[in-house]
There are 2 protein chains.
Amino acid sequence: MARTCSDCGVRDSALCGTLSDEELVGLAKLGVQRRLVRGDVLVRAGDPPLACANVQAGVMKIASVTAAGDEAIVGLLYSGDFIGGPFAAPAEHDVTALTDVELCMFPRAAFEASLADHQRMERLLLERTMIELARARRWLVRIGRASARARVAGFLGDMGRRLAVVNDCRRDAAAVPAASFELPLSRSEIGDLLGLTIETVSRQLTLLRAAGVIDLPGGRMIVVRDAAALAAAADETV
Amino acid sequence: MARTCSDCGVRDSALCGTLSDEELVGLAKLGVQRRLVRGDVLVRAGDPPLACANVQAGVMKIASVTAAGDEAIVGLLYSGDFIGGPFAAPAEHDVTALTDVELCMFPRAAFEASLADHQRMERLLLERTMIELARARRWLVRIGRASARARVAGFLGDMGRRLAVVNDCRRDAAAVPAASFELPLSRSEIGDLLGLTIETVSRQLTLLRAAGVIDLPGGRMIVVRDAAALAAAADETV
DNA sequence: CGCTATCTTGACTTTATTCAAGGCTTGTGG
DNA sequence: CCACAAGCCTTGAATAAAGTCAAGATAGCG
């Protein structure tokens with residue numbers, strides 16, 4: 001049922017869903033496999049654009065350094081997500097592995113030729129980009145208006161949902177967040193993502209634990225004890 | 001030199017740049033002209049997706065209502081920008097006219113057929129979506145990490161740049177912001193856009209005036225007296 | 001001319017940051 | 001195996017920033 005592209009790991013519902021078998025084979029030939037370990041930088045701001053790459057496993061961060069010298073994370077990439085694209089101008093952000101990552105990289109020339117040949121692939125890329133835009137806008141609302149507690153709670157909810165379906169390409173679709181998971185980010189990185197300091201992140205996690213909403217068994221593990229309360233906390237204004 | 005699509009107003013460098021004359025004619029036939037006045041709502045969150053529309057003149061806001069009941073503006077649309085697209089799920093945001101607006105609307109069926117026929121049009125839409133994504137991410141950095149003063153200063157700079165080239169489709173390209181312009185947003189809307197209260201926006205504008213950076217001759221007019229200082233203020237952390 | 005909207009300003013409160021110290025892990029070398 | 005160091009995380013107290021509440025000022029508009 002769910003076909004998987006054996007060479008590049010792209011799953012049926014992600015990229016392959018709207019491509020025929022022969023197109024799949026063509027795409028697979030284009031892809032070059034690559035592995036990263038946590039901390040590896042795939043793209044650095046200002047780099048000439050890489051054509052396109054697909055995250056098959058792991059989590060990456062999209063970040064830039066602000067004028068003040070600290071890092072602002074503007075997005076996360078999970079398995080199935082794309083980096084770059086046909087027209088990307090020189091990169092505006094660093095793209096760095098948060099966990100060990102597996103990638104399928106498409107060289108520019110071959111990728112562009114493939115887009116020209118297979119209109120459905122371009123259509124798919126457009127769809128993905130629009131999804132990414134929608135995510136960025138949802139994030140914007142959270143960052144712009146929510147309290148520290150709501151940001152942290154919302155982040156935990158999102159991460160739980162994403163990690164629960166990390167091997168399922170229909171992302172954003174899981175109804176119930178994973179009961180427990182390990183954060184791929186340090187407190188400092190969570191702060192950079194949420195626009196908060198490391199101390200505030202830590203305090204809010206402690207408060208959520210005190211309220212019985214989550215448990216922090218140690219390390220970067222998160223146990224969601226009360227998903228409804230977590231969701232409610234994410235919607236609070238104050 | 002710069003061709004303009006007479007029926008829908010789309011300019012050479014915006015949409016028409018990569019389309020042939022015959023494609024242009026086809027696109028023009030698809031478009032239906034429409035006018036809005038300030039406050040008109042084109043799309044309401046939850047609406048079935050409209051196929052696609054192109055803003056020809058004026059400014060619109062993309063906004064949603066938060067759980068707390070106040071409005072969060074996640075983006076602005078200037079002339080040349082697109083609303084909707086081939087796969088848009090039911091709308092997540094309201095799209096409302098901030099000024100009087102002229103639109104070129106493409107009905108779904110015809111628009112999709114046109115995309116299928118003209119691959120370059122789809123390419124262009126992808127490009128636009130990626131630009132929009134980049135804008136959203138830049139915004140994210142500003143909202144997430146910047147002080148109230150930096151947000152307001154950055155907003156004024158952006159708006160000046162956009163309004164300076166409002167009739168030039170190569171947006172984001174102007175080197176020098178307009179020396180003076182009229183804000184298409186109320187203080188309250190600026191607050192919703194920047195994630196600040198109306199009082200804080202007002203205070204920061206007053207402070208920028210006191211510092212000789214801008215002038216506020218009345219109404220919603222903004223005069224930029226010291227563009228360099230404005231840009232510097234936008235980069236401040238504190 | 002007065003009404004209503006919007007905008008500005010002031011005093012006070014809440015929130016998150018900053019600065020500072022201490023605790024918990026993890027990994028390394030004795 | 002233990003001691004120690006380094007990094008990451010937590011907690012507390014003081015500070016700064018933006019929000020809230022409240023009162024006036026200004027500007028449009030009938």
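Visitor: Which residue has a side-chain N or O atom 2.8 Å from a phosphate oxygen of DNA strand D?

Guide: That residue is Ser202(A). The model is predicted, so the distance is a computed one. To read such a feature, ask which atom of the DNA is involved, then whether the protein offers a side chain or its backbone. Ala148(B) shows the backbone case: one of its polar backbone atoms lies 2.6 Å from a phosphate oxygen of DNA strand D. With Thr197(B), an N or O atom of the side chain is 3.2 Å from a phosphate oxygen of that strand.

Visitor: How many residues surround DNA strand D, and which are the closest?

Guide: There are 17, and the closest are Arg187(A), Thr206(A), Ala148(B), Thr200(B) and Arg203(B). H6 of chain A and H6 of chain B each supply at least two residues of this surface. H6(A) gives the most, with four residues. Sorted by class, the surface has three nonpolar, eight polar and six charged residues.

Visitor: What share of the strand D atoms within 4 Å of the protein belongs to sugar or phosphate?

Guide: The share is 65%, and the rest belong to bases. For DNA strand C the sugar or phosphate share is 63%.

Visitor: Which residues are the closest to DNA strand C?

Guide: Of the 18 residues around it, the closest are Ala148(A), Thr200(A), Arg187(B), Ser202(B) and Thr206(B). A polar backbone atom of Ala148(A) is 2.6 Å from a phosphate oxygen of strand C. The side chain of Ser202(B) has an N or O atom 2.8 Å from a phosphate oxygen of that strand. For the side chain of Arg220(B) the corresponding distance is 3.2 Å. Two or more residues of the surface near strand C come from each of helix H6 (198–210) of chain A, and H5 and helix H6 (198–210) of chain B. H6(B) gives the most, with five residues. By class, this surface holds three nonpolar, eight polar and seven charged residues.

Visitor: How should I read the contact between the protein chains?

Guide: Take the area and the residue counts, then the polar pairs, then the elements. Chains B and A bury about 4,000 Å² between them, 63% of it on carbon and sulfur atoms. The contact draws 44 residues from chain B and 43 from chain A. The rule finds 10 salt bridges across the interface. One of these joins Arg137(A) to Glu132(B), with the closest N and O atoms 3.4 Å apart. On the chain B side, strand E4 (60–65), strand E5 (71–77), helix H2 (108–117), helix H3 (119–145) and helix H5 (187–194) each give two or more residues. H3(B) gives the most, with 20 residues. The classes on that side are 20 nonpolar, 11 polar and 13 charged.

Visitor: Is Glu122(B) buried or exposed?

Guide: Compare its relative accessibility with the 20% limit for burial. Glu122(B) counts as buried because its value is 1%. Its place is in helix H3 of chain B. Apart from residues up to four places away in sequence, Glu122(B) touches Gln119(A), Glu122(A), Arg123(A), Leu126(A) and Leu115(B).

Visitor: How do I read a salt bridge within one chain?

Guide: Look at the separation in sequence and at the burial of each partner. Lys61(B) and Glu189(B) form a salt bridge, their closest N and O atoms being 3.1 Å apart. Lys61(B) lies in strand E4 and Glu189(B) in helix H5 of chain B, 128 residues apart, so the pair links distant parts of the chain. Both partners are buried, Lys61(B) at 8% relative accessible area and Glu189(B) at 9%.

Visitor: How far apart in sequence are Glu112(B) and Arg108(B)?

Guide: They are four residues apart in helix H2 of chain B, which means about one helical turn between them. Their side chains meet in a salt bridge at 2.9 Å, N to O. Glu112(B) is partly exposed at 25% relative accessibility, and Arg108(B) is partly exposed at 31%. Elsewhere, salt bridges with shared partners join Asp81(A), Glu132(A), Arg135(A), Arg162(A) and Arg137(B) into one network. Within that network, the side chains of Glu132(A) and Arg135(A) meet at 2.8 Å, N to O. Glu132(A) is buried at 12% relative accessible area, and Arg135(A) at 13%.

Definitions and conventions. Residues are numbered from 1 along each chain as its sequence is written. Chains are lettered from A and ligands numbered from 1 in the order in which they are written. This is a predicted model: local features need pLDDT of at least 70, side-chain atom pairs count only at pLDDT 80 or more; totals for chains, interfaces and linings use all residues. Side-chain values use heavy atoms; hydrogens and water are left out. Contact means heavy atoms within 4.5 Å. Buried area is the accessible area (1.4 Å probe) that two parts lose on being put together, summed over both. A salt bridge is a side-chain nitrogen of Lys or Arg within 4 Å of a carboxyl oxygen of Asp or Glu. Ala, Val, Leu, Ile, Met, Phe, Trp, Tyr, Cys and Pro count as nonpolar, Asp, Glu, Lys and Arg as charged, and the others, Gly among them, as polar. A residue is near a molecule or strand if one of its heavy atoms lies within 4 Å of it. A polar contact is a pair of N or O atoms within 3.5 Å; within protein, one must be able to donate a hydrogen and the other to accept it, and residues adjacent in sequence count only if both atoms are side-chain atoms. Buried means under 20% relative accessible area, exposed over 50%, partly exposed in between (1.4 Å probe, protein chains only).
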